[in-house]
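Please open the model in your viewer and keep the selection panel at hand, since each stop on this tour begins with something to select.

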Amino acid sequence: MEFFVDTANLDQIRKAMDLGVLDGVTTNPSLMAKEGIRGNDAVMEHYLNIAKMVGQNVSAEVIATDYEGMIREGQVLAALHPAIVVKVPMTRDGIRAIHTFHSEGIRTNCTLVFSAGQALLAAKAGATYLSPFIGRLDDLNMDGLELIAQIVQIYRTQGFTTKILAASIRSSLHIVRCAEVGADVVTCPLSAMEGLFYHPLTDKGLAQFLEDHARNNA
Ligand code: E4P
């Protein structure tokens, strides 16, 4: 399973890279706004900086909601850097745009996916990645992980090659559960990724080893 960090913050991306297990980055317009990145030129420059820094799999989202606008924006984004993956919302125009991008060899990430039916459409259209938002489903007392498991089952049965990118991750446990049910990728906040490191018995065991070594070498 690949690990992407879900942020537009360069410092967080650098820290995630330093962990040594990072495979990519996802952003969205809300994450860009959080960083105060405003205006088309600034947005493009920021995507380029992230792509140069990470060198692979950087999702950059179109803002247009009509087919022609999505195609225009997506082509500009894809031409920015080879690491860019064009993120397209799960709408009628979005699915049509994904189909066109697929035929042009432009990689896509179909975002805002909340059902197996939507996952089926995105795979049929040729999406490279599919982003089901599990945390937002959990927030509504629905089972986000169950949706991931269902999509894994459908894609395996049907032989689809679209990668399942579990998004809207809220915790380290979400990451582990996504791995269990067969997600291809998780995109998560740095804190959830860092949470995987921690176990009190690791800390306790290491302290004991160091203490015994120090006593033995005093
Ligand atoms: C995915 O690509 C989205 O950027 C993200 O995971 C959304 O997560 P949220 O529900 O925490 O906003």
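The tour goes from the barrel, through some of its strands and helices, to the ligand.

Before selecting anything, bear in mind that this is a predicted model. Begin with the strands in cartoon view: eight of them close into a barrel in the order β1-β2-β3-β4-β5-β6-β7-β8, with parallel pairing. From one strand to the next, the twist averages 30°. Strands of a sheet pair through backbone hydrogen bonds, either parallel or antiparallel, and you may wish to display the backbone atoms for the next stops.

Select residues 2–6, which form strand β1, and look at both of its neighbours in turn. On one side, β1 pairs with β8 in the parallel sense over four bridges, and there F3 stands opposite V186 of β8. With strand β2, residues 24–26, β1 pairs in the parallel sense over three bridges, and the bridge partner of D6 in β2 is T26.

Now add residues 163–166, strand β7, and residues 185–188, strand β8, which pair in the parallel sense over two bridges. Here A166 has V186 of β8 as its bridge partner, so that V186 should be kept on display from the previous stop.Next, select helix α4, residues 67–80, which packs on the sheet and touches β3 (58–61) and β4 (84–89). The direction of α4 makes about 160° with that of β4.

Move then to helix α1, residues 10–18, and show the side chain of N9, which caps the N-terminal end of this helix. A side-chain oxygen of N9 lies 3.0 Å from the backbone nitrogen of D11. Just after α1, select G20, which takes a positive phi of about 85°.

The last stop is the ligand. Which residues are around the ligand? Select D6, T26, N28, K87, F133, R136, A167, S168 and R170, and you have the shell; D6 and T26 were already met as bridge partners between β1 and β2. By class, this shell has two nonpolar, three polar and four charged residues.

With side chains shown as sticks, follow the distances from ligand oxygen atoms to side-chain N or O atoms:

- R136: an oxygen atom of the ligand is 2.7 Å from an N or O atom of this side chain.
- S168: the side chain has an N or O atom 2.7 Å from an oxygen atom of the ligand.
- R170: here the distance between a ligand oxygen atom and a side-chain N or O atom is 2.8 Å.

Finally, switch to a surface view of the ligand: on its own the ligand has 350 Å² of accessible area, and the protein covers 85% of it.

Notes: Residues are numbered from 1 along each chain as its sequence is written. This is a predicted model: local features need pLDDT of at least 70, side-chain atom pairs count only at pLDDT 80 or more; totals for chains, interfaces and linings use all residues. Side-chain values use heavy atoms; hydrogens and water are left out. A residue is near a molecule or strand if one of its heavy atoms lies within 4 Å of it. A polar contact is a pair of N or O atoms within 3.5 Å; within protein, one must be able to donate a hydrogen and the other to accept it, and residues adjacent in sequence count only if both atoms are side-chain atoms. Accessible areas come from the Shrake-Rupley method with a 1.4 Å probe; for residues, only the protein chains shown count as cover. Ala, Val, Leu, Ile, Met, Phe, Trp, Tyr, Cys and Pro count as nonpolar, Asp, Glu, Lys and Arg as charged, and the others, Gly among them, as polar. Two strands pair if DSSP finds at least two bridges between them. Axes are lines fitted to C-alpha atoms, for helices over the stretch in contact, and angles run from 0 to 180 degrees between N-to-C directions. Contact means heavy atoms within 4.5 Å.
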